[in-house]
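Please look through the structure shown below, together with its sequence. The paragraphs that follow lead from a single residue to the interior of the fold.

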Amino acid sequence: MPSVELQQQQWQRVVKQLRALPGVYVGRESDYRRFVEAVLWIDKTGAQWRELPAYYGNWNSIFKRFNRWSKKGIWQQLSYAVADLFDLENLAIDSTVIRAHPCAAGAKGGPHNKD
């Protein structure tokens, strides 16, 4: 299982930026570090939130905080501030779900399928 561990200098820069953002309270640094590393793990592996290793904490709690931060624009602000720290070339974190129309999965019926 891939793990994500920020180097100390990376974390110091991230936490400095988090403290400067309005609406973000950084209590125990170790808890926040684990949260940020959990989000990076999801990004790195492409796994579903439910597959998050227990080491990072309760997946649903982490997802809810991630979602709140997404709605507040915190991830966007943080990414601008620390863009040179990480390899973010392929970063795409999204909390939406895209569903295919039933006919895309081979459902019968419709004007083009006379079965």
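In which helix is the place of R33? In this predicted model, R33 lies in helix α2. The relative accessible area of R33 is 17%; because buried means under 20%, R33 counts as buried. Which residues is R33 in contact with, once its neighbours within four places in sequence are left aside? They are L6, Q7, Q8 and W11.

One of these contacts of R33, W11, leads on to the largest nonpolar core, which has 28 residues. W11, L18, F35 and W69 are the residues that touch the most other members of this core. Two or more residues of the core come from each of the elements α1, α2, α3 and α4. The helix that gives the most is α2, which supplies eight residues. As a general background, nonpolar side chains in soluble globular proteins tend to be buried together.

L18 may serve as an example of the contacts made. Not counting residues up to four places away in sequence, L18 touches W11, V24, V26, V36, W69, I74 and L78.

Two of the residues touched by L18, namely I74 and L78, direct attention to helix α4, which spans residues 74-81. Buried in this helix are I74, W75 and L78. Why do they lie on the same side of α4? They cover an arc of only 95° around the axis, and they are therefore placed on the same side of the helix. The cover over the buried residues of α4 includes α1 (8-20), α2 (29-45) and α3 (59-72).

Technical notes
Residues numbered from 1 in each chain as written. Predicted model: local features only at pLDDT ≥ 70, side-chain atom pairs only at ≥ 80, totals over all residues. Heavy atoms only, no water. Buried < 20%, exposed > 50% of the residue type's maximum accessible area, 1.4 Å probe, protein only. Helix = DSSP H or I, 4+ residues; strand = E, 2+ residues; numbered from the N terminus. Arc of directions from axis to C-beta. Contact = heavy atoms within 4.5 Å. Core = buried A, V, L, I, M, F, W, Y, C linked by side-chain atoms within 4.5 Å.
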